[in-house]
Amino acid sequence: MEDIQYRRTEGILYRHFKKIKRIERLKYDIENTKQTIHKIQQDLRNVNVELSDCVKAIDYSQDRVQSSIVTSSAVERELERITDKLLNELKYKIQRKYKLKARLRKIEEDVKRIEKILSDLTEEEMQIVELRYSEHRTNRAIEKILYMEGRPSSYVSIWRKKNKIIEYIYSQLK
């Protein structure tokens, strides 16, 4: 196996475990966005808005003549402005939710593809892969962990097993 193929396969494994973590963050973001959408919809339904201080009630103590053709009051215009803001925010959040879901589906497809290949590995091989590519442990650290679990192994045997695993994964990805 060439060095570049080896490094690319290792890169795929590193990214695989990063994607698994990314899936959890995406699910959290989607749930957060759903809650925000629900809150905005409730605010729109219940007209739960605060008007600015510049909007004042009519002062009946003075005689005023309306000089413009505007048929809506300042309160109505302020409500309309706030409602438009909420609707735009709702539209943005809904679009964001669908983009997050699409991204989640794509990442889950990639993860499933690699998971299928990794499912063929033995328990020890899988543990080596997880320690190396998920937890970023060195071969020496992997050797110590496996030795503590009662599996006698040396640095060289860990290195050979890791190379064998990489070659197997590369052959499955072709």
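Colleague: How many salt bridges does the count come to?

Modeller: Eight. The rule asks for a side-chain nitrogen of Lys or Arg within 4 Å of a carboxyl oxygen of Asp or Glu. This is a predicted model, where local features need pLDDT of at least 70 and side-chain atom pairs count only at pLDDT 80 or more, while totals for chains, interfaces and linings use all residues. Residues are numbered from 1 along each chain as its sequence is written, and side-chain values use heavy atoms, with hydrogens and water left out.

Colleague: What makes Asp 3 and Arg 7 a salt bridge?

Modeller: Their closest N and O atoms are 2.5 Å apart, which falls within 4 Å, so the pair qualifies. Both residues lie in helix α1, four residues apart, about one turn of the helix. Helices here are DSSP runs (H or I, at least four residues; strands are E, at least two), numbered from the N terminus.

Colleague: Why is Arg 7 called buried, partly exposed or exposed?

Modeller: Exposed, because its relative accessibility is 52%. The classes are buried under 20%, exposed over 50% and partly exposed in between (1.4 Å probe, protein chains only). Asp 3, at 48%, therefore counts as partly exposed.

Colleague: Which parts of the chain does the pair Glu 124 and Lys 161 link?

Modeller: First the distance: these side chains meet at 3.0 Å, N to O, in a salt bridge. Glu 124 is in helix α3 and Lys 161 in helix α5, 37 residues apart. Lys 161 has a relative accessible area of 26%, so it is partly exposed.

Colleague: At what angle do α3 and α5 pack?

Modeller: About 95°, with the axes 10 Å apart. Axes are lines fitted to C-alpha atoms, for helices over the stretch in contact, and angles run from 0 to 180 degrees between N-to-C directions. That makes α3 roughly perpendicular to α5. The cut-offs are under 35 degrees for roughly parallel, over 145 for roughly antiparallel, 65 to 115 for roughly perpendicular, and oblique for the rest.

Colleague: Why are α1 and α5 called roughly parallel, antiparallel or perpendicular?

Modeller: Their axes come within 10 Å and cross at roughly 85°. They are therefore roughly perpendicular. The contact (heavy atoms within 4.5 Å) includes Tyr 6 and Leu 13 of α1 and Ile 166 and Tyr 170 of α5.

Colleague: How do you know whether Val 156 is buried or exposed?

Modeller: It is neither: at 39% relative accessibility, Val 156 counts as partly exposed. Val 156 lies in helix α5.
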